[in-house]
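Please find below my notes on the model, set out as numbered points. The cut-offs behind each term are given where the term is first used.

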Amino acid sequence: MEHSHRYFKNKDCKYYPCHEGMGEEFNCLFCYCPLYRLEKCPGTPGECGQGGKIQRDCSQCTFPHKPENYDKIISLLERM
């Protein structure tokens, strides 16, 4: 498969699919988003908080799971 290093799907994962409605083109390669620590993430993170502490909530973000975003993620990681 061409570019097989860019795509991985684990249908046996107990959390699959972690985002509903993404269809068959669902990339599990970046299951834990490597962009979490970026101040300005290209995805759509929300915020949640407890005890006065605000945290990023990426549970609704699908950016790292879209195969077409692989090059964007790699480019951002190279700059970190």
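1. Accessibility classes. In this note, buried means under 20% relative accessible area, exposed means over 50%, and partly exposed is in between, with a 1.4 Å probe and protein chains only. On that scale Asp71 is partly exposed, with a relative accessible area of 46%, and Arg6, at 23%, is partly exposed as well.

2. Basis of the values. This is a predicted model, in which local features need pLDDT of at least 70 and side-chain atom pairs count only at pLDDT 80 or more, whereas totals for chains, interfaces and linings use all residues. Residues are numbered from 1 along each chain as its sequence is written, and side-chain values use heavy atoms, with hydrogens and water left out.

3. Overall layout. The protein has one helix and two strands, where helices (H or I, at least four residues) and strands (E, at least two) are DSSP runs numbered from the N terminus. Read from the N terminus on, the order of the elements is β-β-α. The C-alpha trace spans about 50 × 30 × 15 Å along its principal axes, and buried residues make up 25% of the 80 residues. Of the contacts (heavy atoms within 4.5 Å) with a separation of 6 or more, 43% come from residues 24 or more positions apart.

4. The salt bridge. Taking a salt bridge as a side-chain nitrogen of Lys or Arg within 4 Å of a carboxyl oxygen of Asp or Glu, the structure holds one. It is formed by the side chains of Asp71 and Arg6, at 3.0 Å from N to O. Because Asp71 lies in helix 1 (residues 70-79) and Arg6 in the segment before strand 1, the pair ties together parts that are 65 residues apart in sequence.

5. Tyr7. This residue lies in the segment before strand 1 and is partly exposed, with a relative accessible area of 24%. Leaving aside residues up to four places away in sequence, Tyr7 touches Glu24, Glu25, Phe26, Asn27, Leu29 and Pro67. Its C-alpha is 5.7 Å from that of Asn27, although the two residues are 20 apart in sequence. There is also a polar contact, meaning a pair of N or O atoms within 3.5 Å, of which, within protein, one must be able to donate a hydrogen and the other to accept it, and for which residues adjacent in sequence count only if both atoms are side-chain atoms: a polar atom of the Tyr7 side chain lies 3.1 Å from the backbone oxygen of Phe26.

6. His19. Also placed in the segment before strand 1, His19 is buried, with a relative accessible area of 10%. Its side chain reaches the backbone oxygen of Cys61 at 3.1 Å, and a polar atom of the same side chain lies 3.3 Å from the backbone oxygen of Ser59. The residues that His19 touches, not counting those up to four places away in sequence, are Phe26, Cys58, Ser59, Gln60, Cys61, Thr62 and His65.

7. The nonpolar core. A nonpolar core is a set of buried Ala, Val, Leu, Ile, Met, Phe, Trp, Tyr and Cys residues joined through side-chain atoms within 4.5 Å. The largest one has nine residues, namely Phe30, Cys33, Leu35, Leu38, Cys61, Phe63, Tyr70, Ile73 and Leu76. Leu35, one of these core residues, touches Pro42, Arg56, Phe63, Ile73, Leu76 and Leu77 when residues up to four places away in sequence are not counted.

8. Aromatic pairs. Rings of Phe, Tyr and Trp (its six-membered ring) pair if their centres lie within 6.5 Å, and planes under 30 degrees apart count as stacked, over 60 as edge-to-face and the rest as tilted. A search of the whole structure finds three such pairs. The pair of Tyr32 and Tyr36 is tilted, because the ring centres are 6.4 Å apart and the planes stand at 40°. Tyr32 counts as exposed at 63% relative accessibility, while Tyr36 counts as partly exposed at 30%. Arg56 lies over the face of Tyr36, at 5.9 Å from the ring centre; the criterion is that NZ of Lys or CZ of Arg is within 6 Å of the ring centre and within 35 degrees of the ring normal.

9. A cis peptide bond. Most peptide bonds are trans. Here, Tyr16 and Pro17 are joined by a cis peptide bond, with omega about -10°, and Pro17 lies in the segment before strand 1.
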